[in-house]
Amino acid sequence: MDPTATLGLRVDRGSPVPLYFQLAQQLEAAIEQGALTPGSLLGNEIELAARLGLSRPTVRQAIQSLVDKGLLVRRRGVGTQVVHSRVSRPLELSSLYDDLETAGQRPTSRVLVNALVPASADLAGVLGVTEGADVHRVERLRLAHGEPIAYLVNHLPAGLLDLDTDRLEATGLYRLLRCAGITLHSARQSIGARAATSAEAERLEEAEGAPLLTMERTTYDDTGRAVEFGAHAYRPSRYSFDFQLLARS
């Protein structure tokens, strides 16, 4: 059965909003609210068009707009399938792994680099270590429902905790820090955007030069010690940051 048949989809022909956009908005809301779950197959475009009294090109345009957003994917021999909802992350001291897990996104990690490297002058200043001292560098690809969401590069002071590759692939870095008895207290964070390098594009399944969201964060424990510096790149079609702004009195 076509899962869209139970959604109560309707279009308003008297509205100035294009019909394809009305349909796309309703389908996107159904994905975000969980009415269309990851893996669901949309029915035949012709049947959906007939049910709504729309032309097939209108329905195809609505579906293509959600394919472009990364919410749907067309699979040869399978059909049009719901990928997952976009991850909206609150700006608070939490790990991406925990946020994805809370959102029901089934996070997994692929460790690309796990090694000791000499600290550059900038990194030494951030982590409070001597320039050239060993620091731990971890590069990971974070996935949700098997699809890449973020490329994560983290540096930590050497000897802080056991950074076993299997453990890094099984859970989040902040969870490992807490399990090691480290109390995370605060962080300094900046958010930006830039074009994807060829290596990032390949890892994140984007085109070279595609826009990426970026975040840099230095995290401190309850003694004021810097315990981690992260430089992360996110796919904006799969990810966003949420801000809550308060009026200044």
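Biologist: How much accessible surface does the protein have, and what share of it belongs to carbon and sulfur atoms?
Modeller: The accessible surface is about 12900 Å², and carbon and sulfur atoms account for 50% of it. Please keep in mind that this is a predicted model. The protein has 249 residues, of which 43% count as buried, and its secondary structure comprises 8 helices and 10 strands.

Biologist: What share of the contacts with a separation of 6 or more comes from residues 24 or more positions apart?
Modeller: Such residues supply 60% of those contacts.

Biologist: Let's take a single residue. Why is Leu 72 called buried?
Modeller: Its relative accessible area is 3%, and buried means under 20%, so Leu 72 qualifies. You will find Leu 72 in strand β1.

Biologist: Which residues does Leu 72 touch?
Modeller: Leaving out residues up to four places away in sequence, Leu 72 touches Ile 31, Leu 42, Ile 63, Leu 66, Val 67, Thr 80, Gln 81, Val 82 and Val 83. Ile 31 is 41 residues from Leu 72 along the chain, and their C-alpha atoms are separated by 9.4 Å.

Biologist: What makes the buried residues of α2 lie on the same side of the helix?
Modeller: Helix α2 spans residues 45-52, and its buried residues are Glu 45, Leu 48, Ala 49 and Leu 52. They cover an arc of only 100 degrees around the axis, so they share the same side of α2. These buried residues pack against α1 (19-32), α3 (56-69) and β1 (72-75). Just after α2 comes Gly 53, with a positive phi of about 70 degrees.

Biologist: Why are α1 and α3 called oblique to each other?
Modeller: Their packing angle is about 50 degrees, with the axes 8 Å apart. Roughly parallel would need an angle under 35 degrees, and roughly perpendicular runs from 65 to 115. The angle of about 50 degrees fits neither, and therefore α1 and α3 are oblique. The contact involves Leu 19, Tyr 20, Leu 23, Ala 24, Leu 27 and Glu 28 of α1, together with Thr 58, Val 59, Gln 61, Ala 62, Ser 65, Leu 66 and Lys 69 of α3. The crossing of α1 past α3 is right-handed.

Biologist: And how do you know that α2 is roughly perpendicular to α3?
Modeller: These two axes come within 9 Å and cross at roughly 115 degrees. Since 65 to 115 counts as roughly perpendicular, that is the name for α2 against α3. In this pair, Glu 45, Ile 46, Leu 48 and Ala 49 of α2 meet Arg 56, Val 59, Arg 60 and Ile 63 of α3. Here too, α2 passes α3 in a right-handed crossing.

Biologist: Why is Pro 236 called partly exposed?
Modeller: Partly exposed is the range between under 20% for buried and over 50% for exposed. Pro 236 has a relative accessible area of 24%, so it belongs there. Pro 236 is in the loop between β9 (226-234) and β10 (239-242). The C-alpha atoms of Pro 236 and Pro 211 are 7.4 Å apart, with their places 25 residues apart along the chain.

Biologist: How do you know that Thr 214 is buried?
Modeller: Its relative accessible area is 14%, and the limit is under 20%, so Thr 214 counts as buried. Thr 214 belongs to strand β8 (residues 211-221). Apart from residues up to four places away in sequence, Thr 214 touches Ser 190, Ile 191, Gly 192, Ala 193, Arg 194 and His 232.

Conventions:
Residues are numbered from 1 along each chain as its sequence is written. This is a predicted model: local features need pLDDT of at least 70, side-chain atom pairs count only at pLDDT 80 or more; totals for chains, interfaces and linings use all residues. Side-chain values use heavy atoms; hydrogens and water are left out. Buried means under 20% relative accessible area, exposed over 50%, partly exposed in between (1.4 Å probe, protein chains only). Helices (H or I, at least four residues) and strands (E, at least two) are DSSP runs, numbered from the N terminus. The arc is that of the directions from the helix axis to the C-beta atoms. Contact means heavy atoms within 4.5 Å. Accessible areas come from the Shrake-Rupley method with a 1.4 Å probe; for residues, only the protein chains shown count as cover. Axes are lines fitted to C-alpha atoms, for helices over the stretch in contact, and angles run from 0 to 180 degrees between N-to-C directions. Angles under 35 degrees count as roughly parallel, over 145 as roughly antiparallel, 65 to 115 as roughly perpendicular and the rest as oblique. A crossing is left-handed if the near helix is turned anticlockwise from the far one by less than a right angle, and right-handed if clockwise.
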